[in-house]
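Me: I would like to learn how to read a few features of a structure, one at a time. Could you walk me through them with the model on screen?

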Amino acid sequence: MDISGADLVRAAAFIGAGIAMGLGAIGPGVGEGFVGGKACEAIGRNPEEAGLLTRTMLVAQAVAESTGIYSLVVALLLIFVV
Amino acid sequence: MDIALDTVSIVKAGQFLGAGISMGFGAIGAAVGEGFVGGYANCSIGRRVGMASPYTRTMLIGQAVAETSGIFALMVSVLLVFGDFSANGICAWTATMSAGICMGLGALGSGIGAGYPAQEALWGSARQPALGGQMTTSMLIGQAVCQTPAIFALVIAFMLMFKNCSGLDVWPYGASLIGAGIAMGFGAIGSGWGGGMAGGKACEGMARQPRLRSPLTTLMLVGQAVAQTPAIFALLVAIMLISIGPQKGTLLTSAAMLGAGISIGFGAIGSGMGNGVTAQGACEAISKESSTTKEMLTFMLVGQAVGQTPVIFALVVSLMLMFIKFQIPATIVGFCALLAAGISMGLAAIGSGYGNGDTAESACKAVASNPEGKSGILPLMLVGQAVGQTPAIFGLLVAFILMFGSYSGPATLPAAMAVLAAGISMGFGGIGPGVGNGITAAAACEAAGYRPEERGLLMRTMLVAQAVAQSTAIYALVIAFVLIFVV
């Protein structure tokens, strides 16, 4: 198997994409789960505010999602752009 | 630099690497566990200064048991430093290094786990001084069971060290031995750690409610025994890899054996810990509400059984990797694909396994807070656990696609790294959403305990939250697909 410089660069970009998306997905998953859990807890205590709590939960989860989206973008950049 | 490679030097190098890995990792768990014990001994003595000498004695007994796995690691290390295994053939270099990996990692969970029963026994005696001697006995029972995975690891380490593999090739038989070490070493972590957590809460409960000593002991032992299942799966795979590992084959066979070890080794971590966490919740629950003792056993076992799913997926992938003859080209791409299948399944199972356990823990506690509402909590727990299984299912899906792909393109380095990266992306990417899904469902179960009339609302909120928390696992799946199919 002959390996050129371009091959090496491409191979490294793919591995980088896998690492970025794989590790980058850990935090948002845990964080969003935690937010969801607390929302359930709060709704349990105060069901009449369910609408407000669900809205707050979704906003918070959307923010927590951001680093996951950054990882996705970086992974796609590594695969398709560079 | 000239390197003269004779068998004796290569095997010695493997032995020394193994010795370092064994003692290095093996020192972590025992020390952390003993630190917990020592810390709580200080708290207890601070609370009851007059009892300093019996508490110090209990502390030293507890620490001595927690030391066991560290001593196993030392023993394996010393054998590897001073022994000469070169008579076992060239494969002995992977065998001895693998023995080190197996014992070092295998000591981690049991060492940390053994700390929990001892810390709770000490703190419990400080709360209820009349119980002194009883608590030491309960501590020892709780600690003994969580040593099991470390003993499994020791057995495999010895099998590896003394395996006579003269005349066999490093590829694939040597690779299969490394797979065995990875399987048992990593596979022991969760069961040891989780079993210890269960023992800790049982001891705490016995100190709070001495009359519940016998139901708590039963619940603890059953819970710990079930939590051993993932470690037993890992043990079986490790024994198979050593005893019926392939003696002939291509590089592809080597990758399959390594992948088999990685799949079950990592896959056992989450379910083992999760099962332990569930047992911990059940013990805590009956010590708060003793009338629920009977249904708690059922609840715990159902929760643990569902929490076993991810490790069973991992076992299936391991067995497939070991026994199926794959129709994929024996190139670097095929090699990476089989390795990646193991990585994808093994790692993705960690989060779901742990998260499932966390959900079941809170469900047990919710039953104790509202025994009449148990029929409403069970569906919430099961739905929550089922959704929490999604990342593990994604991991399984990617593993299947990787194992049965055609790989008709040219075997270049980028193509190989693309499939490897697909496994890495899906494997790691499944961990967080699995844990997060479990946390959400846990809180929903807990809330349903004190607000049974809001079950429908809670179920809806839980599902929305879990769906959102799934998103990053879906991104990881998409990236894995792009890496496999597009590039």
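Reply: Gladly! Let's begin with a loop: Y407(B) sits in the loop between α14 (390-403) and α15 of chain B. Please keep in mind throughout that this is a predicted model.

Me: What is the phi of Y407(B)?

Reply: The thing to look for is the sign of the angle at a residue other than glycine. Here Y407(B) is not a glycine, yet its phi is positive, at about 50°.

Me: Is Y407(B) buried or exposed?

Reply: The idea is to compare the relative accessible area with a cut-off: buried means under 20%. Y407(B) has 14%, so this residue counts as buried.

Me: Which peptide bond is cis?

Reply: Here you read omega. The bond running from W171(B) to P172(B) is cis, with omega near 10°. As for its setting, P172(B) belongs to helix α6 of chain B, residues 170-208.

Me: Let's turn to pockets. How much space lies in the largest pocket?

Reply: A good habit is to take volume, lining and chemistry in turn. The largest pocket holds about 370 Å³ of space. Its lining has 22 residues, and those closest to the centre are V333(B), Y407(B), A415(B), I484(B) and V487(B). You will recognise Y407(B), the loop residue with the positive phi.

Me: Which elements give two or more residues to that lining?

Reply: Both chains take part: α1 (5-24) of chain A does so, along with α15 (413-450) and α17 (471-486) of chain B. The largest share comes from α15(B), with four residues. On chemistry, the lining of this largest pocket divides into 15 nonpolar, six polar and one charged.

Me: Where does the second largest pocket lie, judging by the residues nearest its centre?

Reply: Follow the lining again. T253(B), A256(B), I324(B), K325(B) and F326(B) are nearest the centre of the second largest pocket, out of 19 lining residues. Two or more residues each come from α8 (229-243), α9 (251-288) and α11 (309-323) of chain B. Among the contributors, α9(B) gives the most, four residues. This second largest pocket has a volume of about 270 Å³, and its lining has 15 nonpolar, three polar and one charged residues.

Me: Now for charges. How many salt bridges are there over all chains?

Reply: Nine are found when the whole structure is searched. For each one, it helps to check the distance, then the elements, then the exposure. Take R45(A) and E41(A), whose side chains meet at 3.8 Å, N to O. Both are in helix α2 (residues 26-45) of chain A, four residues apart, or about one turn of the helix. R45(A) is exposed, at 54% relative accessibility, whereas E41(A) is partly exposed, at 22%.

Me: What does the pair of E284(B) and K365(B) tie together?

Reply: The closest N and O atoms of this salt bridge are 3.8 Å apart. E284(B) is in helix α9 of chain B and K365(B) is in helix α12 (residues 332-369) of that chain, so the pair ties together parts that are 81 residues apart in sequence. E284(B) is buried, with a relative accessible area of 16%, while K365(B) is partly exposed at 25%.

Me: Which residues are linked with these two in a network of salt bridges?

Reply: To find a network, look for residues that take part in more than a single pair. K365(B) also meets E361(B), at 3.7 Å from N to O. K365(B) and E361(B) are both in helix α12 of chain B, four residues apart, about one turn of the helix. E361(B) is buried, with a relative accessible area of 8%. The network as a whole links E284(B), K288(B), E361(B) and K365(B).

Me: Finally, which residues of the largest nonpolar core touch the most other members?

Reply: A core is best read from its well-connected members. In the largest one, with 124 residues, these are M103(B), M184(B), I264(B), L338(B) and L420(B). If you centre your view on M103(B), you will find that it touches residues including F72(B), V76(B), A150(B) and L154(B), leaving aside residues up to four places away in sequence. Apart from the largest core lies another, of 50 residues, among them I43(A), A363(B), I377(B) and A447(B).

Definitions and conventions: Residues are numbered from 1 along each chain as its sequence is written. Chains are lettered from A and ligands numbered from 1 in the order in which they are written. This is a predicted model: local features need pLDDT of at least 70, side-chain atom pairs count only at pLDDT 80 or more; totals for chains, interfaces and linings use all residues. Side-chain values use heavy atoms; hydrogens and water are left out. On a 1 Å grid over the protein atoms alone, a cavity is a set of points where a 1.4 Å probe fits but cannot get out, and a pocket is an open set with protein on both sides within 12 Å along at least five of seven lines; lining residues have an atom within 4 Å of a point. Grid points are joined across faces, edges and corners, and a volume is the space filled by probe spheres set on the points. Ala, Val, Leu, Ile, Met, Phe, Trp, Tyr, Cys and Pro count as nonpolar, Asp, Glu, Lys and Arg as charged, and the others, Gly among them, as polar. Buried means under 20% relative accessible area, exposed over 50%, partly exposed in between (1.4 Å probe, protein chains only). A salt bridge is a side-chain nitrogen of Lys or Arg within 4 Å of a carboxyl oxygen of Asp or Glu. A nonpolar core is a set of buried Ala, Val, Leu, Ile, Met, Phe, Trp, Tyr and Cys residues joined through side-chain atoms within 4.5 Å. Contact means heavy atoms within 4.5 Å.
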